[in-house]
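This report concerns the strand pairing, cysteines and aromatic pairs of one protein chain. Please consult the sequence and the structure shown below while reading.

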Amino acid sequence: MTQPAPNSLCILRLSALGDVTHVLPIIHTLRTHWPTTRLTWVIGKLEAQLVGDLPDVEFIVFDKSAGWRGFRDLRRQLANRQFDVALLMQVSLRANLVGIGIKSPLRIGYDKQRSKDGHGLFVNRRIPATHGQHVVDSFFSFLSTAGLEARELNWNLPIPDSARAFAETHLPGQAPTLIINPCASHARRNWLPERYAALADHAANVHGMRVVLSGGPSALEREMGEMITTHMQSPPINLIGKDTLKQFLGLLKKAHVLITPDSGPAHMAAITGTPVLGLYAASNVERSGPYFSRQWCVNKYDEAANKFKGKPAATLPWGTKLEYPGVMDLIQVEEVKDKLDKLMKDVYSHSKGT
């Protein structure tokens, strides 16, 4: 049964982009069912650039690049604050240390199986130990443990007019559009550039799609974009390193499909409702796949578990990463083409509006 709404509640989730995106339905559930509760979110600096304009939420930004000064600045901001409930939704050592500064009589954290780095020392109530949860569902466990039995699967986030204008400038009109975000935060989750290129050519030749490359400004991502372009029959629209997080949302709003490995953009697509064709071998799609698009993912996790661990994925601890050299080679071009063909047939008849 839902408990009376607390006066104040603080969420600690610093990073990463995908996990921060997963917090959005938690915020919308709180706003809908506990509308009088004052919400504060302690968040990382980069991640605040994505969600920091969410209405009716106070954001306190932690800058990890500032080192110990970042901790001191955060402690200063929290020094005279007291919250009725604290949801400590991250188990890293850095997050645990940040959590020390959040004062609350009710400090909810992860169960023992999902805890690490002394997380249990910083909480006084734990979410239930539930095997096989998607990250989004584990976040909802924090609400139920706090006394709110409700779920609003709402990823709504403001997309500024300037971001929409950026997208319209680079992707004018309503032509069917495929965005490829080829890189994840861990290089061993990345597919091969020549395979991305073959898939891009298939999308252009068979479905008449314009192909867009997206990603951050790192040297690795730029190099990946150049290699994909070299292998393609006709050049894509290469926007790697040229957009902001909000501008990327504008691009997603124009897109029919996003193709990406396990990455932040795979989850940001829930904000715009864009289907995701995810490429999963190094991580478990049922735990960290795009929440509404898991049926469109190419899932080689079990095959990878058998190859690299010598046992089925079902026998591995939940959340085990299989980031081994060559793991993504298990994903073949033809099966990704087949998945794209089925997605385009089942989801779209002509073109997607904006």
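Which residue is the bridge partner of leucine 258 in β11? The partner is valine 276. The model is a predicted one, in which local features need pLDDT of at least 70 and side-chain atom pairs count only at pLDDT 80 or more, while totals for chains, interfaces and linings use all residues. Residues are numbered from 1 along each chain as its sequence is written, and side-chain values use heavy atoms, with hydrogens and water left out.

**Strand β10 and its sheet**

Helices (H or I, at least four residues) and strands (E, at least two) are DSSP runs numbered from the N terminus. Strand β10 covers residues 257-261, and 5 of its 5 residues are buried, where buried means under 20% relative accessible area, exposed over 50% and partly exposed in between, with a 1.4 Å probe and protein chains only. In a regular strand, side chains alternate between the two faces of the sheet. In β10, Val257, Ile259 and Pro261 point one way, whereas Leu258 and Thr260 point the other way.

Two strands pair if DSSP finds at least two bridges between them. Strand β10 has parallel partners in β7 (residues 177-180), through 3 bridges, and in β11 (residues 276-280), through 4 bridges. The bridge partners involving β10 include those tabulated here.

| Residue in β10 | Bridge partner |
|---|---|
| isoleucine 259 | isoleucine 180 |
| leucine 258 | valine 276 in β11 |
| isoleucine 259 | leucine 277 in β11 |

Between β10 and β11 the chain passes through helix α10 (residues 264-272), and this β-α-β crossover is right-handed; that is, with the strands pointing away from the viewer, the path from the first strand over the helix to the second runs clockwise.

The open sheet has 6 strands with parallel pairing, in the order β9-β8-β7-β10-β11-β12. Its edge strands, β9 (237-238) and β12 (298-299), each pair on one side only.

Two helices lie across these strands, with contact meaning heavy atoms within 4.5 Å. Axes are lines fitted to C-alpha atoms, for helices over the stretch in contact, and angles run from 0 to 180 degrees between N-to-C directions. Helix α9 (residues 245-254) lies across β7, β8 (210-213) and β10, at about 140 degrees to β7. Helix α13 (residues 333-347) lies across β10, β11 and β12, at about 160 degrees to β11.

**Cysteines**

A disulfide is taken as a pair of cysteine sulfur atoms within 2.5 Å, and the count by this rule is 0. Why does cysteine 183 form no bond with cysteine 297? The sulfur of cysteine 297 is the closest cysteine sulfur to that of cysteine 183, but at 18 Å it is too far for a bond. Cysteine 183 is buried, with a relative accessible area of 7%.

**Aromatic pairs**

Rings of Phe, Tyr and Trp (its six-membered ring) pair if their centres lie within 6.5 Å; planes under 30 degrees apart count as stacked, over 60 as edge-to-face and the rest as tilted. The structure holds 9 aromatic pairs. One of them joins tyrosine 110 and phenylalanine 142, whose ring centres are 5.0 Å apart with planes at 85 degrees, so this pair is edge-to-face. Tyrosine 110 lies in the loop between β5 (107-109) and β6 (125-126) and phenylalanine 142 in helix α5 (residues 135-146), so the pair ties together parts 32 residues apart in sequence. Both residues, tyrosine 110 and phenylalanine 142, are buried.

Tryptophan 155 and tyrosine 291 have ring centres 5.7 Å apart and planes at 35 degrees, so their pair is tilted. Tryptophan 155 is buried at 4% relative accessible area, and tyrosine 291 is buried at 14%.
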